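Trainee: I'd like to go through the charged pairs in this one with you. Can we pull up the model and talk it over?

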Amino acid sequence: MNDMPTGGVRQALRHDSAVKHVTGEAQYIDDMPELPGTLHAWLATSDKAHARILRMDLSAALALPGVAAIVTARDIPGRNDIAPILKGEPALADGVVEHVGHPFAAVAAETMEIARRAASLIAVDYEELPPILSIEQAIAEQAFVSRVLTMQRGDWREGLRAARHRRAGRLEIGGQDHFYLESQVALAIPQEDGDMLVHSSTQHPTEVQHGVATLLGLANNAVTVECRRMGGGFGGKESQATIIAGIAALLARRSGRPVKLRLVRDDDMIVTGKRHDFLIRYEVGFDDEGRIEAIDMELAARCGNVADLSPAVLTRALCHMDNCYYLPAVRARGLPCRTNTVSNTAFRGFGGPQGMLAIEAVIETIAYALGRPTDQVRAVNYYGGAGREVTPYGQRIRDNLIPRITREIAAQADYERRRRDIDAFNATSPVIRKGLALFPLKFGISFNLPTLNQAGALVHVYTDGSVHLNHGGTEMGQGLFTKVAQVVAEVFRIDIDHIKVSAASTAKVPNTSATAASSGSDLNGMAAMQAAQTIKNRMIAFAAEHFGVLPEQVEFAANRVIVGNRSLAFGELAHLAWANRISLSATGFYRTPEIHFDLERMQGEPFYYFTYGACVAEAAIDTLTGESRILRADILQDCGSSLNPAIDMGQIEGGFVQGMGWLTCEELVWDGTGALRTHAPSTYKIPVSRDLPPVFDVRILEDAPNRAATVFRSKGIGEPPLMLAIATWLAIRDAVASVGGHRLAPPLDAPATPERILMAVEALKERAG
């Protein structure tokens, strides 16, 4: 008998909403039928980077026909604070605006157009204050949103002093807009007794619940937040969604009517935060082989006007500035720079990509200083060998796949032959130059704050054998709902079509963590597995007693349950158990074991395990225009024992392309007044189909189950592939370096836009003579 259900774990199933996505049937918040009396909202925002509000006149806006309500900071019945980590982060500016696009009022009206017009009629008098608009200025003024973080081990000063070779360097790393297809949106619906129901496009329903409750002066149990799906999140809807939901709820409370607030693309890009841009400065000491002996690195992040999630982003950046390399003596400082620009926030990788980019620049600096191939310098610095298994933050690496993955990706990509071919091509090509790079990846999985590594789930089995599943994770297109349903199908050995996953809701699973940190399947999958196993154990015990067999003689297989010599449909046993008053509902709870981290000392074991990967990228540049193309990308990604290879493959491909955009074409530009100039597709370029490498070979590492006891030995996959795109930036740098005969380090920051590439080429030509 085939006991394999259709849709258990390790099967390559399509996303549960795939057909709905391509046909347009998937319902997002803006698609929901509007209740009678629903109002539409618009934000009134600052056009000053830093200014005191002297006067605000709402009269003209209130007089406009169709306007139902306007709220400012003084109208907030609770506390004007939606800070996710610290305190003092208002939903609406109170007395002072701190960046261009800072909301100071919101209007609810019968239509969006009326609300937009009314917002433009609000008259404001300002007293302008001196703004801080750059990382360098913030450092000079010691303007920080939180404390400076320091991670260190060994005598780094003596290590630098005694090193045979020393080099210093600097790298600027640009930010990135999330550019999710569905912009920020929330629908707030007043309930009886002053309660509030909020449909929010959020990765963190519990945080939205807390933020709305704080603003309205309510207990958490008076606010219910639901999210069936998001049209993309990428971290941008982890904390920032609370601003939108909170303002919608304030207007709903004031008007007594449902209020929908959805941002148009320009406003979404201006009002909400992005990936942090970084300024990296370092000094490194190394020996004749290129082996790092000591390093002192400063990672300064543009945080914006408030802390938001920046302290945590910087923590993860520090914990990934080693990437795959052992650093015996190190000091790494994280500077959370306060600027009068929009508060930056979570973005896929959460600081890890910036930390990795920094150490890769260091590796290249060493290679050019010694005249050695970069791959050789990488190899002598890899983790591994006696005394070389502990990270700068004190975590021992027990699952080192770096040697295997780099060996296999080199073979997969035919790396050595292509290196020779590219060198030969460059020797005879004066205008078009090619570059090749192999980038290895080590990424820690878990939230750095141990408290957040927990999840809950709720499972019901109905008397017909159908199953209802709810958990604390949110679906943003990454396939989490499908994966967790596969886990439950595997436990019950039933087809996945029998399982219905409902919208994430704070009324069903409370006190959830954000769906972030590549831990959605790890946490929610384990919680759901425990809930399903609890019910299954009850059914086994009942069947054994009812039919007079041993529990070991009860077996679940292919939508049926074998009890001794009997065979029952899964639904039959469910109905029989119900008739005998056996509970077929259970909650599950999971907390990640074996993790701890001291945020003050920046020491501990914050990650349950590491995910590994590698990418070989080939690029071509035009030395006359600075244009670039990624010609080929070969990827090998560690997924442990993949829960769903099809979904994981999609995450690898999509993450890589998003990372390629960050490093090659997506450029955020602020002008001298602090205004963002790139706030629409016309000025902000994301990758499109023609930007994909013509040869794109993506593979999942085989026969590599997770050493850690995760759900069916799988690994988190949401974030790591984005960092594999660092190979594209390194390949472009290799192409630029060929202009100088690979004797000089290319002065190329990120993103590698045509302008930057052209300037780097010209600078190398001048230096090389």
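Trainee: Are Lys 442 and Asp 322 buried or exposed?
Mentor: Keep in mind that we're looking at a predicted model. Here, buried means under 20% relative accessible area. Lys 442 falls in that class, and Asp 322 does too, so the word for both is buried.

Trainee: How many Å apart are the closest N and O atoms of Lys 442 and Asp 322?
Mentor: Side chains of opposite charge can pair when their charged atoms come close. The cut-off for a salt bridge is within 4 Å. Lys 442 and Asp 322 do form one, with their closest N and O atoms at 3.3 Å.

Trainee: And how many residues apart in sequence are the parts that this pair ties together?
Mentor: Lys 442 sits in strand β16 (residues 432-445). Asp 322 is in the loop between α9 (310-318) and β15 (330-338), so the salt bridge ties together parts separated in sequence by 120 residues.

Trainee: Which residue forms a salt bridge with Glu 360 in helix α10?
Mentor: Glu 360 is buried, because its relative accessibility is 0%. Its partner counts as buried as well, at 3%. That partner lies in helix α11 (residues 374-381), 18 residues away. The closest N and O atoms are 3.0 Å apart, and the residue is Arg 378.

Trainee: What about Asp 671, which meets Arg 677 in a salt bridge: which exposure class does Asp 671 get?
Mentor: The N to O distance in that pair is 3.4 Å. Buried needs under 20% and exposed needs over 50%. Asp 671 has 26% relative accessibility, so the class is partly exposed.

Terms used:
Residues numbered from 1 in each chain as written. Predicted model: local features only at pLDDT ≥ 70, side-chain atom pairs only at ≥ 80, totals over all residues. Heavy atoms only, no water. Salt bridge = Lys/Arg side-chain N within 4 Å of Asp/Glu carboxyl O. Helix = DSSP H or I, 4+ residues; strand = E, 2+ residues; numbered from the N terminus. Buried < 20%, exposed > 50% of the residue type's maximum accessible area, 1.4 Å probe, protein only.
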